[in-house]
Amino acid sequence: MKEFKGQAISWQVVNGAIELALHREPCNEIGSGTLEELETFAAALPELARDAYALIVHSTIKAGFSAGADLRELYEGSRGMDKGEAVRGVRQFLRRIHGVMNTLDAAPLTTIAAVHGVTFGGGFELALVCDIIIADRMARFCFPELRLGLIPGFGGIPRLKRDLGNEMVRDLLLTGRSVNAMKAQQIGLVSQVVSEGAVLRAARATAAQLGKFDRRTAIAAKQFIKPIPYEELQQEIDIFCELFTQPAVEAGLRKFVESTDAQPYLP
């Protein structure tokens, strides 16, 4: 499937690079519909990768890259269920999203996240599976899950530990505050910061540079420097599901859903 246009994502191959666009209003929340389309992409990736050397993940939504998990769907989907049934549903969803994330993490090409604006929670985690993150100067990164009584559940903790020093990992996870693009570059999270509105152009220029080199060498280098922490990823799912049964989570999700703020995901 060389091209696809769904309700939440689209993709096409442009000049040897796969461009995966996120376009679900209001800010690319990742729920069951988006997950199904991401699974379709993951299944198509081996074929797509035969004709490409890079993957660019970006957003066409003005508000940002992604606000993360669809918390309204999470809250409404678990209402009326007993705790055991709710946790089984959450665990199944997490296993599926981890399957997609692990496929992208191990993709046999170089992957680039071109981010702007809100890059929070699950959206931050999606960016972290990519080999390179390029951000426009208005990008903000945050793990706000602590406000809900949860930890990141899409693989964020092990991948952040893989990429950053423990001091910054603890700061992001335990305070829930956001960092801007310049700070993200200073700590080694972002490789390049560009002017507002220029991030996709910069990602395309980087992808063109990648096309000059032997692909097999790039794949070998990626496998060497970017191990996937499968055991810790499974532990993250277990901890998330354990926390999900706590009263603080239901209260936090209810507060989010009932918020009248235009952008309730902002810290």
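Helices (H or I, at least four residues) and strands (E, at least two) are DSSP runs, numbered from the N terminus. The model is predicted, so local features need pLDDT of at least 70 and side-chain atom pairs count only at pLDDT 80 or more, whereas totals for chains, interfaces and linings use all residues. Residues are numbered from 1 along each chain as its sequence is written, and side-chain values use heavy atoms, with hydrogens and water left out.

**Exercise 1. Locate His 98, decide whether it is buried or exposed, and list its contacts.**

Step 1. His 98 belongs to helix H3.

Step 2. The relative accessible area of His 98 is 4%, and buried means under 20%, exposed over 50% and partly exposed in between, for a 1.4 Å probe and protein chains only. His 98 is therefore buried.

Step 3. With contact taken as heavy atoms within 4.5 Å, and not counting residues up to four places away in sequence, His 98 touches Gly 153, Phe 154, Gly 155, Leu 233, Glu 236 and Ile 237.

**Exercise 2. Describe how helix H5 packs against helix H10.**

Step 1. Helix H5 covers residues 156-163 and helix H10 covers residues 230-244; they pack at an angle of about 140°, and their axes are 8 Å apart. The axes are lines fitted to C-alpha atoms, for helices over the stretch in contact, and angles run from 0 to 180 degrees between N-to-C directions.

Step 2. Angles under 35 degrees count as roughly parallel, over 145 as roughly antiparallel, 65 to 115 as roughly perpendicular and the rest as oblique, and H5 is therefore oblique to H10.

Step 3. On the H5 side the contact is made by Gly 156, Ile 157, Pro 158, Arg 159 and Lys 161, and on the H10 side by Glu 232, Leu 233 and Glu 236.

Step 4. Sorted by class, this contact of H5 with H10 has 3 nonpolar, 1 polar and 4 charged residues, where Ala, Val, Leu, Ile, Met, Phe, Trp, Tyr, Cys and Pro count as nonpolar, Asp, Glu, Lys and Arg as charged, and the others, Gly among them, as polar.

Step 5. The buried residues of H5 include Gly 156, Ile 157, Pro 158, Arg 159 and Leu 160, and the buried residues of this helix pack against H3, H4, helix H6 (166-175) and H10.

**Exercise 3. Give the volume and the lining of the largest pocket and of the largest cavity.**

Step 1. On a 1 Å grid over the protein atoms alone, a cavity is a set of points where a 1.4 Å probe fits but cannot get out, while a pocket is an open set with protein on both sides within 12 Å along at least five of seven lines; lining residues have an atom within 4 Å of a point. Grid points are joined across faces, edges and corners, and a volume is the space filled by probe spheres set on the points.

Step 2. The largest pocket holds about 910 Å³ of space. It is lined by 47 residues, of which Ala 69, Asp 70, Leu 71, Arg 72 and Leu 74 are the closest to its centre.

Step 3. H3 gives the most to this lining of the largest pocket, with 7 residues, and by class the lining has 23 nonpolar, 12 polar and 12 charged residues.

Step 4. The structure has 1 cavity of 30 Å³ or more, and the space in the largest cavity is about 50 Å³. Among the residues that line the largest cavity are Ala 8, Leu 22, Asn 28, Ser 66 and Leu 126, and the lining divides into 5 nonpolar, 3 polar and 2 charged residues.

**Exercise 4. Compare the places and the accessibility of Asn 15 and Asn 28, and give phi for each.**

Step 1. Asn 15 is in the loop between strand E2 (9-14) and E3, and Asn 28 is in the loop between E3 and H1.

Step 2. Phi of Asn 15 is near 50°, a positive value in a residue other than glycine, and Asn 28, likewise not a glycine, has a positive phi of about 55°.

Step 3. Asn 15 counts as exposed because its relative accessibility is 71%, whereas Asn 28 counts as buried because its relative accessibility is 4%.
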